[in-house]
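Notebook open, model loaded. I want to go through strands, rings and holes, and jot down what I find.

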Amino acid sequence: MITLCKTCGTSYETAGSHPEHCKICEDERQYVPVAGQQWVEPDALLATHTNKWKQHEKNLFSLLAVPSFAINQRAFILRTPEGNIMWDCIATLDDATKTLISSLGGLNAIAISHPHYYTTMQDWAEEFDAPIYLHASDREWIMRDSPHITLWEGDSLKLTGDVTLIRLGGHFAGGSVLHWEQGEGILLSGDILQVTPGADGVSFMWSYPNMLPLSAATVSDMTQRLSGVKFMKLYGAFEGKDITGRADEIVRRSGETYIRCLR
């Protein structure tokens, strides 16, 4: 039986009853609700939720569960000459989404920024026969195995000629962003870089719900890893969290501000 944590969306395979604990939520970067851990089966979730689509660029789409479910991050579909790539993952794989993605040419790869967004990645990979690229540093947070999972190591991985995964760390040891050399450059950041409400800055946190910061040294290392990467646009994990100009400069300046506040 497959069951999903209602708080983070992570899927578990069980022998017939719900797990007693969600390892993802019990970690200090997430949380267990005051009312306790709750679970939902995939069919029950799809009976009440569907996915909303939005086109951001000619070849960039996002999809988001409605109404809100779990962390409520969005996923992205990039259309590249070498095949379609899904960035990050959401729990709701409904029939309409299967049809739409198939009509776009399916998926050649799935890449995920960090464990909070693993959700039902195994089901997406099975449906579209696509490899899932996860950083090896986060292997302990994989709650369901899949033959489609590929663990990558190091600080970067080329998925296509113009799409590269970059490990920044921070929120998780393997926390990664996706750089797409499309136009003047696009960065898909998950919440490894969290876009601020005014869309004129980003923040860096070890735990967002528990408001636990990263060290100045860690933030300095993260921004240094991006220092030679050109991107004018940045799309974050959540709806409306988009920076549509001078994004690389904004990330650099935000890092400097963060470090200055800590010191």
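I started at β12 and β13 (residues 176-180): they run antiparallel and are joined by five bridges. My strands are DSSP runs of E with at least two residues, my helices are runs of H or I with at least four, and both are numbered from the N terminus. I call two strands paired if DSSP finds at least two bridges between them. Picking one bridge, I see Leu165 partnered with Leu178 in β13.

Before going on, a note on the ground rules: this is a predicted model, so local features need pLDDT of at least 70 and side-chain atom pairs count only at pLDDT 80 or more, while totals for chains, interfaces and linings use all residues. Residues are numbered from 1 along each chain as its sequence is written, and side-chain values use heavy atoms, with hydrogens and water left out.

**β12 and its sheet**

On the other flank I looked at β11 (residues 156-160), which is antiparallel to β12 and joined to it by four bridges. Lys158 has Thr164 in β12 as its bridge partner. The connection from β11 to β12 is a hairpin of two residues.

Is β12 buried or exposed? Five of the five residues of β12 (residues 163-167) are buried, so the strand is largely enclosed by the rest of the structure. My cut-offs are under 20% relative accessible area for buried, over 50% for exposed and partly exposed in between, with a 1.4 Å probe and protein chains only. In a regular strand the side chains alternate between the two faces of the sheet. I checked each face: Val163, Leu165 and Arg167 are buried on one side, Thr164 and Ile166 on the other.

Then I zoomed out to the sheet, an open one of six strands with mixed pairing, in the order β11-β12-β13-β14-β19-β20. β11 and β20 (242-243) are at the edges with a single partner strand each, so one side of each has no neighbour in the sheet.

**The three-stranded sheet**

Next I looked at an open antiparallel sheet of three strands, ordered β2-β1-β3. Its edge strands, β2 and β3, each pair on one side only. Between β1 (residues 2-5) and β2 I get three bridges, antiparallel. Thr3 is the residue opposite Tyr12 in β2.

**Rings**

Tyr12 led me to the aromatics. A pair of aromatic rings is described by the distance of the centres and the angle of the planes. How many aromatic pairs does a search of the whole structure find? It finds five. The rule I used: rings of Phe, Tyr and Trp (its six-membered ring) pair with centres within 6.5 Å, and planes under 30 degrees apart are stacked, over 60 edge-to-face and the rest tilted.

One of the five is Tyr12 with Trp39, edge-to-face at 5.5 Å centre to centre and 85 degrees between the planes. It links distant parts of the chain, with Tyr12 in β2 (residues 11-13) and Trp39 in β3 (residues 39-40), 27 residues apart. Tyr12 is buried at 9% relative accessible area, and Trp39 is buried too, at 12%.

Phe204 and Tyr258 are also edge-to-face, 5.6 Å centre to centre with 80 degrees between the planes. Phe204 is in the loop between β16 (202-203) and β17 (205-207) and Tyr258 in helix α6 (residues 247-262), so this pair ties together parts 54 residues apart in sequence. I find both Phe204 and Tyr258 buried.

I also looked for charges over rings (NZ of Lys or CZ of Arg within 6 Å of the ring centre and within 35 degrees of the ring normal). The charged end of Lys23 sits over the ring of Trp141, 5.0 Å from its centre. Arg29 lies over the face of Phe172, 3.8 Å from the ring centre.

**Holes**

Last, I ran the cavity search and got two cavities of 30 Å³ or more. A cavity here is a set of points on a 1 Å grid over the protein atoms alone where a 1.4 Å probe fits but cannot get out, and lining residues have an atom within 4 Å of a point. Points are joined across faces, edges and corners, and the volume is the space filled by probe spheres set on them.

The largest cavity has a volume of about 70 Å³. Its lining includes Cys8, Phe69, Ile71, Asn72 and Thr119.

The second largest cavity holds about 60 Å³. Among its lining residues I noted Lys52, Trp53, Lys54, His56, Arg74 and Glu239. β4 gives the largest share of that lining, four residues.

Methods: On a 1 Å grid over the protein atoms alone, a cavity is a set of points where a 1.4 Å probe fits but cannot get out, and a pocket is an open set with protein on both sides within 12 Å along at least five of seven lines; lining residues have an atom within 4 Å of a point.
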